[in-house]
Amino acid sequence: MFLTKRSSSPHALVTGMVGAGLGDTVLLVGCGRADAMAAVAATVGLSGSAHALVTRTSEADALARAAAAAGVLLTTAVQLEGRFPFADGTFRVVVCDDTSGAISRLPAAAQATWFGEARRVTAQDRKSTRLNSSHGYIS
């Protein structure tokens, strides 16, 4: 007989797949599900930091509300194109969340820049995770 522990968090799958932990630096790129992204931000604790880049002011507002409801600190900026405002290898974990389709609605060149920049700011010994609406969760 196998016993499994069930999490009371509705975002346990996402936070588990992302793999962020206490003290990590996390970048959330896009905001398909603000509450899930706030849950990811909560995993870094007081010793870590969580930042988000989104394509719309409405997404930034949704993230701010979700972070406030979860009691977590999450800095958010709206950016449509260009270089991310972070140094190479800044983040231990980068999550590209396109479950809302906001990133895929950007022009092809902007999409390529976003995903290239996500790789650039991810520390070499760490990972990035992409959440995509048409393919479910992939890492």
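**Figure 1. Val29 and its partner across the β1–β2 pairing.** In this predicted model, Val29 has Leu53 of β2 as its bridge partner. The two strands concerned, β1 with residues 25–29 and β2 with residues 49–54, pair in the parallel sense, and five bridges hold the pairing in register along their length. Between these strands comes helix α2, spanning residues 34–42, and together β1, α2 and β2 make a β-α-β unit that is right-handed.

**Figure 2. The pairing of β2 with β3.** Strand β2 also runs parallel to β3, to which it is joined by four bridges. Within this pairing, Val54 stands opposite Val78, a residue of β3. A second right-handed β-α-β unit is built from β2, helix α3 and β3, with the helix covering residues 57–70.

**Figure 3. The Arg83–Asp88 salt bridge.** The side chains of Arg83 and Asp88 form a salt bridge, with an N to O distance of 3.6 Å. Arg83 counts as exposed because its relative accessibility is 55%, and Asp88 is likewise assigned to the exposed class, its relative accessible area being 52%.

**Figure 4. Asp88 and Arg120, a link between distant parts of the chain.** A salt bridge also joins the side chains of Asp88 and Arg120, here with an N to O distance of 2.6 Å. The two residues lie 32 residues apart and belong to distant parts of the chain, since Asp88 sits in the loop between β3 (75–78) and β4 (91–98), whereas Arg120 is part of helix α4, which comprises residues 108–121. Arg120 is buried, with a relative accessible area of 16%, while Asp88, at 52%, is exposed.

**Figure 5. Glu117 and Arg120 within helix α4.** The side chains of Glu117 and Arg120 meet in a salt bridge at 2.6 Å, N to O. Because the two residues are three positions apart in helix α4, about one helical turn separates Glu117 from Arg120. Glu117 is buried, its relative accessible area amounting to 10%, and Arg120 is buried as well, at 16%.

**Figure 6. The salt-bridge network as a whole.** Arg83, Asp88, Glu117 and Arg120 are linked in a network of salt bridges, and the structure holds four salt bridges in total. Side chains of opposite charge can pair when their charged atoms come close. In this network, Asp88 pairs with Arg83 and also with Arg120, and Arg120 in turn pairs with Glu117.

**Figure 7. The protein chain that frames these views.** The protein chain contains four helices and six strands, and from the N terminus on these elements follow one another in the order α-β-α-β-α-β-β-α-β-β. Of the 139 residues in the chain, 42% are buried. Among the contacts between residues at least 6 apart in sequence, 74% join residues that are at least 24 apart. The area exposed by the chain is about 7,500 Å², of which carbon and sulfur atoms supply 56%.

Methods. Residues are numbered from 1 along each chain as its sequence is written. This is a predicted model: local features need pLDDT of at least 70, side-chain atom pairs count only at pLDDT 80 or more; totals for chains, interfaces and linings use all residues. Side-chain values use heavy atoms; hydrogens and water are left out. Buried means under 20% relative accessible area, exposed over 50%, partly exposed in between (1.4 Å probe, protein chains only). Contact means heavy atoms within 4.5 Å. Accessible areas come from the Shrake-Rupley method with a 1.4 Å probe; for residues, only the protein chains shown count as cover. Two strands pair if DSSP finds at least two bridges between them. A crossover is right-handed if, with the strands pointing away from the viewer, the path from the first strand over the helix to the second runs clockwise.
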